[in-house]
Structure formats: structure tokens, C-alpha cells
Amino acid sequence: MFTKINSGGIRAVDGFLVSVEADVSGGLPDFSISGHLASEVRESQERVRTALRNSGFRLPARKITVNLSPAGIRKGGTAYDLAIAVAVLGAFEQVDLCALQDCFVIGELGLDGRVKPVNGVLSMVDAAREHGLRRCFLPVENAREGLVIRNIDIVGVESLEQMVRMLRTPGSIEVLKPGSLKENAGGETGKGYDVDFRDVNGQLVLRRAAEIAASGMHGLLMSGSAGTGKTMVAKRIPTIMPVLSREEDIEISKIYSICGMLPQGQPLLSHRPFRNPHHTVTPLALTGGGGMAKPGELSLASGGILFLDELPHFGRKAIDILRQPLEERRVTVTRVHGNYEFPADFLIVAAINPCPCGFYPDRTRCNCSETQIQRYLEHISRPVLNRFDLCAEASMISFEELSGKNQDNEDSASIRERVEAAVQIQRNRYEGTGIRFNSHMGPREVAQYCVLGQKEKRLIKSAYETRGLSARRYHKALKVARTIADLAGCGSIRREHLAEALGYGMLEDKLWG
């Protein structure tokens, strides 16, 4: 007898439907699975065979053929086990599959028949909903994730035996309701963060630069002696970024679900990510990939911060690989089995020391030669350096600032209010254009939205001629000035906004000339 039920897989960060087809026929006893499979899927025949036996099902010695369609897409993971087992039981007429019409089944089987959780449930359930399926049978541990996707019924399954019992008596199927399991929909102010800008003493320039960066998604490069608080400021930037909408939270959480990195017991990440890869990270770990391509650090940082500490210590290939994702806000990985496109829409923040020892220009502690300093800074690719709109210097902290109580420091919630107001101005300005932030403007948008008065034109002309600005740096200054004006609630760019924006390019002149 031939049977077919719906299951699903993951390709890049999106789910897709897979038809699990089972057929039982005469001939030598055999159990074969076809359909362009990874090794863990081919191994499922042993898991399924043993789980069926240990769950009390005795199958006649027949030839069993299972096919996962479409055969042209490579399939990996262990999510097909439950669907294969149920399809085989249906083919042997030990269970009626009428209750699985317009349904979706995923889950890994243990040898004892228990249904184990799988990764990527958010993407797969969302794909099932988009294809018009009405119900999903999921491992009970994944039920909270499934409930996040609306307009589709979720049924939790603990074991193969329970699954068969529900199919034999459809009236016993219990559809979970969103209220039956507490669902964290995200969007709670500051949720998920255990740090706050209130903890940062001094460093007013870095605090201001971080606020501008979060408002317009401008890349931020911080320079300063070791121990001046660069990393401390970077870790707190997610706390001042706009609160996640439900849609953003789901998109970010899909990536973490695929990688099995969602917090224990949470269906959604519910806060903006902060990724801080070590400087020994490989290009593959940044972009993602592997046999069954999975997201890398660039995708895990989407919607949040990618922080590169000690930037000159990163490998040249790893730094250069950032160039395209920073422009296109996505990364394409090409493998033998096809092309995979991952999101890479993050705010890049980096920190550097002014010299190899980290104490320049304090010559009482720094013994680095000019040649050593120049060689150290040359590790940074200039095309990547040009992606940073803001360059800010961390000053040494005085004892009074360090020992002062932090109750006078502005907290993250207060800064976030200004950031959200500036972001809303940008949403209204660019509605229908495909642009979301000032940093995404092209030359045409800069000419349209960064109109300068006579005083402002004289200032930018003077800076352009005396400092030898390139066309790229000229446009960077205008974009940053537009964000500063938005933070101030001004419709036009004023001289003080432009002067502040130009000031964030002084460090670049100082370090690289």
C-alpha cells in the first residue's frame, strides 16, 4: 500500500515542505530511503525500525520503500523520523492516515519511541502555514515555538505510541492554545539585557557616538588605550536600539532556532543579539556554510550588533569577507548542493588599540615604534574601514569619573527613547522606498534628503578641501549629520550637526592620514 504525509526541512533560514512517501510491496525484506539525503537522514531507517519495535509494533517481513520528495533538494537533520514511522505504519494499514490530511509532522525518534525536539521549528511551521496546512504535529518540547506562528493548529507529541493513539482516535487530539503555554512574544522594554548604559562612567564621546550609531545604523569604530571601556560601551549598544517588533523577533529567532541556540524554555529570543567572535574566527564561521549550510556569525548578529574587538588581530580574509555583506545586508554561500542566502543585516561595531601594546600615545608606557604602529594598523583593510561611518576615540578615565556613583549617568531606557524617535522619523521619510535607515542612503537619496544651507555648504567645502575628503567620506559625513539632525528633531541639517559629523572623521585622519 502507498501512503504520503507532509513533513518539512530547512534550506538556509527558510523552511520547505517535504512529502514523505512510503510503499510496501512483495520481494526480499528491505528498508530503503531515497531522496537526496544527508547521512543523518539515511540513518533514520535504523532509528525508525528500532523505535517501531520498541513501541510494540510488529511489521511483516516486506520490502519497504520510503521517498522524500522533492528529490532535487538535499535533506538533512533528524526531523523526518516521526513522519517516516507514521507513513510506514500507514502503508502496513496499522493506522488510518485520514486525520493527517492537510497536516504537518516533524520529530526525531529515540530508540525507545520517544519523540525528541528538533531545530528550525519556527521556519518549518511558518512554511507549513504559508502552504495552507491547518495543523502541525511537533515534539512536545517544540510546542512553544510552534505556537508563535499564528493561524495554524499545534499538537504536541511525546512518543510514537501516543501519535498512533491519536490517529486511531482522532477525537483525542488536543490542539494547544496560545494561552496554554506562556508565550513570550517579545517587545518588552529592555528584556533580556543584564547591562545598562548607567554603568558607564565618563566616555561622553563614546556614549554619544553609540547613540548616533544605533539611530542610523552607522558602523562604529572605537579607538583608545586598553581598559578605557570600549568593550563595555559596545555590549550596551543593543540596549538602546529600538525595541523588537514581533515580526523582527520571529525573523531573528528563526536563525537561532535553526542553530539550536534559543534560550532554554523560550520560543523567541526577545532581545537584540550581540555577537562577539574571537579574532581567530574563520571566514566560514563568519559567513556560515558546511555540508548542510547553516548560518554563521554574520547572520546570528542580524537585527543586533556584530562586535569585532581588537580588529587588527582578525585575519585579513575574515575582515575582507565583510565587505559585500555590509553593503548588501545579506551573504550568499555557494556550495556543491546549491546557493544559500542568509540575512546579514547588523550594526557593525569594532574596537582597536592605537598600537600593538595598547598604550600609545602615552610614551611612559608605550615603546612601539612608528613602523610597528603603522604595520599594526595596516592589518585593517581600507575598503572595510570605509564602511565605518563613525570613528570615536576613548579617552583615559579620571579617578573622579571612575569612582563616582553612577546614579547620575543616563540609563539605556532614556537613550532608547531618543533613538526610537529618530528611527520613526526615518521610517516616515523613507516609506515605500526600501530604505530603512540613513546609513542605507545612496547618492540620489543623499542629494534629496541632505540639503544644506549656505553656512553648511561653506563648512563642508572647507573640510573637503583642507582635509582632502574623498567622495565616500563626504557622503558619510552627510548621512551622519542627517541622523544627528533627526535625533535633535530638526527637519534640516544645521551647521552644528554637520560639524559634529565631521568630528567623527578626525580619528580616521589621525590614525591613517
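**Backbone exceptions and helix packing in the predicted model**

S270 is placed in the loop that runs between α9 (246-258) and β11 (274-275). In this structure, which is a predicted model, S270 has a positive phi of about 65° although it is not a glycine, and its relative accessible area of 6% falls under the 20% limit, so that S270 counts as buried. Such a backbone setting is worth noting because most residues other than glycine have a negative phi, and most peptide bonds are trans. E310, which lies in the loop between β14 (305-309) and α12 (316-320), likewise is not a glycine and has a positive phi, in this case of about 55°. With a relative accessibility of 24%, E310 counts as partly exposed. A further exception concerns the peptide bond from S69 to P70, which is cis, with omega near 10°; P70 is located in the loop between β4 (63-69) and α3.

Helix α3 itself comprises residues 81-91, and 11 of its 11 residues are buried, so this helix is largely enclosed by the rest of the structure. The buried set includes D81 as well as L82, I84, V86, V88 and L89, with G90 and A91 also among them. After α3 comes E93, a residue whose phi is positive, near 60°.

Helix α19 (residues 454-466) shows a division between two sides. At 1.5 Å a residue, its 13 residues should span 18 Å, and this agrees with the 18 Å that separates its end C-alpha atoms. Within α19, the residues E456, L459, I460 and A463 are buried. These four cover an arc of only 90° around the axis, which puts them on the same side of α19. The general geometry is that an α-helix has 3.6 residues a turn, so residues three or four places apart point the same way. The other side of α19 carries Q454, R458, K461, E465 and T466, which are exposed. It is against α20 (471-487) and α21 (495-503) that the buried residues of α19 pack. α19 is followed by G468, which has a positive phi near 60°.

Helix α20 also meets helix α7 (residues 204-216), the two axes coming within 9 Å and crossing at roughly 95°. Since this angle lies in the range of 65 to 115 degrees, α7 and α20 are roughly perpendicular to each other. On the α7 side the contact is made by R208, E211, I212, S215 and G216, which meet V480, T483, I484 and L487 in α20. Sorted by character, the residues of this contact between α7 and α20 divide into four nonpolar, three polar and two charged.

Two residues of helix α17 (residues 412-429) may be set side by side, namely S412 and E417. S412 is buried, with a relative accessible area of 2%, whereas E417 is exposed, with a relative accessible area of 57%. When its neighbours within four places in sequence are left aside, S412 is in contact with D196, F197, T239 and I240. For E417, the C-alpha to C-alpha distance to R272 is 16 Å, the two residues being 145 residues apart in sequence.

Note on methods
Residues are numbered from 1 along each chain as its sequence is written. This is a predicted model: local features need pLDDT of at least 70, side-chain atom pairs count only at pLDDT 80 or more; totals for chains, interfaces and linings use all residues. Side-chain values use heavy atoms; hydrogens and water are left out. The expected span of a helix is 1.5 Å times one less than its number of residues. Buried means under 20% relative accessible area, exposed over 50%, partly exposed in between (1.4 Å probe, protein chains only). The arc is that of the directions from the helix axis to the C-beta atoms. Contact means heavy atoms within 4.5 Å. Axes are lines fitted to C-alpha atoms, for helices over the stretch in contact, and angles run from 0 to 180 degrees between N-to-C directions. Angles under 35 degrees count as roughly parallel, over 145 as roughly antiparallel, 65 to 115 as roughly perpendicular and the rest as oblique. Ala, Val, Leu, Ile, Met, Phe, Trp, Tyr, Cys and Pro count as nonpolar, Asp, Glu, Lys and Arg as charged, and the others, Gly among them, as polar.
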